[in-house]
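Student: I have a protein model open and would like to learn how its descriptions are justified. Could you take me through it?
Tutor: Gladly, let's look at it together.

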Amino acid sequence: MLGRHKKKNLCYNKLLSALSIPKLFWRKSIYLYPSGIILTAPKTLWSPQASRHVQKQQDKFIDEGYNMREFELLNHIYRSNNQLPDSVTIAPGDDMAAITINDSQVLTAVDQLIDQVHVNLKTTSLKKVGRKAVTRNLSDIAAMAAKPLAALATAALPRDFGQDRCDELFAAMRDTASSYDCPLIGGDMSIWDGPLHLTVTVLAIPDGIEPVRRSGGKVGDVICVTGKLGKSYPTGHHLDFQPRLKIARALANYPATRPHCMIDLSDGLARDLGHLCEMSNVSAVIDADKLPCRDHATWQQAVGDGEDYELLFAMDHAAIGSPGGWDALGVAITVIGKMVACENNTPAAILRLNDGSMIDLKDRGWEHH
Ligand SMILES: [Mg+2]
């Protein structure tokens with residue numbers, strides 16, 4: 001019988017050869033879990049000592065009052081990270097960050113996928129899990145109207161995961177990435193006592209189209225959404241969705257249709273529209289009867305369910321004059337409302353019901369955990 005260490009190496013070697021990636025490019029690290037946010041720890045191998053260290057860090061975060069919601073915690077991290085160099089041209093807080101290297105911009109983002117949080121391995125094939133780990137990152141590239149360049153992946157595999165399943169999972173990640181011209185060029189793997197935990201980092205480039213930010217929305221803009229909303233989990237849409245890469249670039253490439261601000265819908269329309277309003281310092285009014293609901297979803301599901309992975313954007317009112325042109329892009333686009341001036345300097349996202357009553361969408365969004 002093979003020892004644990006030998007088994008792990010066998011798994012590594014087969015994986016690396018399957019990906020045609022030299023072992024040199026794979027490094028080892030561990031991750032901390034403070035309230036659902038993953039922070040990269042100094043490079044170290046998994047060990048009982050590391051496990052105790054993780055627990056201590058979790059306790060510290062909770063003790064110090066950091067047990068807050070995901071968006072609040074991200075904001076806290078952004079605020080404490082104000083020493084960024086000038087080469088960072090899009091700072092944390094957008095769908096991707098950007099750095100400038102020799103006058104060229106490179107965008108990057110990282111996202112994670114955890115068994116029993118974002119997927120259920122008991123009911124979902126590894127092919128779909130591997131696909132989703134990559135496509136949810138590609139959706140962030142679409143949100144910036146950028147062009148995929150490359151991807152890196154990490155995996156913390158359960159101890160009993162097995163080599164065949166490892167192969168199947170990474171083949172799905174590699175094949176999905178390559179089908180979107182975003183080759184998987186490296187990563188890291190470890191084995192632990194927790195659930196399957198994947199992260200994917202993507203790199204992208206503007207390639208002639210200025211990235212679209214969350215912050216450019218203007219009073220009078222129409223608010224649009226691609227595809228349909230709600231019931232992403234029960235319909236399996238969260239596994240099978242197509243990242244809206246092509247339509248994002250098609251819209252952003254022409255001044256008349258270029259979105260002033262854009263985001264992909266991962267946390268649900270209510271929260272993500274709130275992000276656009278906050279970053280653009282405008283308010284939004286959307287109409288319940290205009291929401292393109294998936295599979296008879298209610299308006300509550302359309303605004304509150306997560307993981308639609310559609311694009312939400314605001315553009316000039318004049319841009320909606322040619323719906324025929326939009327049809328040619330192959331994805332339905334629905335106008336759901338408009339941007340309005342803030343009251344009391346406070347951005348708000350408001351839903352107008354059929355009877356004319358108004359609902360503040362604050363806190364109606366979905367949290368990843
Ligand atoms: Mg996003």
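Student: What makes you call α4 mostly covered?
Tutor: First, a reminder that this is a predicted model. A residue counts as buried if 20 or more other C-beta atoms lie within 10 Å of its own. In α4, 16 of the 18 residues are buried, so by that cut-off the helix is mostly covered.

Student: How do you know what span α4 should have?
Tutor: The expected span is 1.5 Å times one less than the number of residues. For α4, residues 126–143, that gives 26 Å, and the distance from the first C-alpha to the last is 26 Å, close to the expected value. Following the helix comes Ala-145, with a positive phi near 60°.

Student: How does α5 fare on span?
Tutor: Helix α5 covers residues 163–179. Its 17 residues should span 24 Å at 1.5 Å a residue, and its end C-alpha atoms are 24 Å apart, so the two agree.

Student: Which residues of α5 are buried?
Tutor: They are Cys-166, Leu-169, Phe-170, Ala-172, Met-173, Arg-174, Thr-176 and Ala-177. For background, an α-helix has 3.6 residues a turn, so residues three or four places apart point the same way.

Student: Why is Asp-181 called exposed?
Tutor: The cut-off for exposed is 12 or fewer C-beta neighbours within 10 Å. Asp-181 has 11 inside 10 Å, so it counts as exposed. You will find Asp-181 in the loop between α5 and β7, and its phi is positive, near 55°, in a residue other than glycine.

Student: Why does Asp-295 count as exposed?
Tutor: Asp-295 has 12 other C-beta atoms within 10 Å, and 12 or fewer is what exposed requires, so the label holds. Asp-295 sits in the loop between β11 and α10. Its phi is also positive, near 50°.

Student: What makes up the largest nonpolar core?
Tutor: This core has 82 residues. To belong, a residue must be buried, be of a listed type such as Ala, Leu or Met, and be joined to the set through C-beta atoms within 7 Å. Among those with the most contacts inside the core are Met-96, Ile-141, Met-173 and Leu-312. Helix α4 gives the most to the core, with eight residues.

Student: How do you know where this core lies relative to the domains?
Tutor: Domain 1 (4–205) and domain 2 (222–360) both give residues to the core, so it lies between them.

Student: What does Leu-312 touch?
Tutor: Leaving out residues up to four places away in sequence, Leu-312 touches Val-225, Ile-263, Leu-265, Leu-269, Asp-272, Leu-273 and Leu-276.

Student: Why are β10 and β15 called edge strands?
Tutor: They belong to an open sheet of seven strands in the order β10-β12-β9-β13-β11-β14-β15, with mixed pairing. Each of β10 (261–264) and β15 (358–360) pairs on one side only, and that is what earns them the name. Neighbouring strands of this sheet are turned by 25° against each other on average, direction ignored. Helix α9 (residues 269–280) packs on the sheet, touching β10, β11, β12 and β14.

Student: How do you know that β11 pairs with β13 and β14?
Tutor: Pairing needs at least two bridges. There are four bridges between β11 and β13, in the antiparallel sense, and four between β11 and β14, which run parallel. Both therefore pass the cut-off. As examples, Ala-284 has Met-339 of β13 as its bridge partner, while Ile-286 has Leu-351 of β14.

Student: Which residues are on the covered face of β11, and which on the uncovered one?
Tutor: Ala-284 and Ile-286 are on the covered face, whereas Ser-283, Val-285 and Asp-287 are on the uncovered face.

Student: What makes β3 and β4 a pair?
Tutor: Two bridges join β3 and β4 in the antiparallel sense, and at least two are needed, so they qualify as a pair. Ile-90 stands opposite Ala-98 in β4. Strand β3 is one of the edge strands of an open six-strand sheet in the order β3-β4-β5-β8-β6-β7.

Conventions
Residues numbered from 1 in each chain as written. Predicted model: local features only at pLDDT ≥ 70, side-chain atom pairs only at ≥ 80, totals over all residues. Domains from an automatic or database assignment. Contact = placed C-beta atoms within 7 Å. Axes fitted to C-alpha atoms, helices over the stretch in contact; angles between N-to-C directions.
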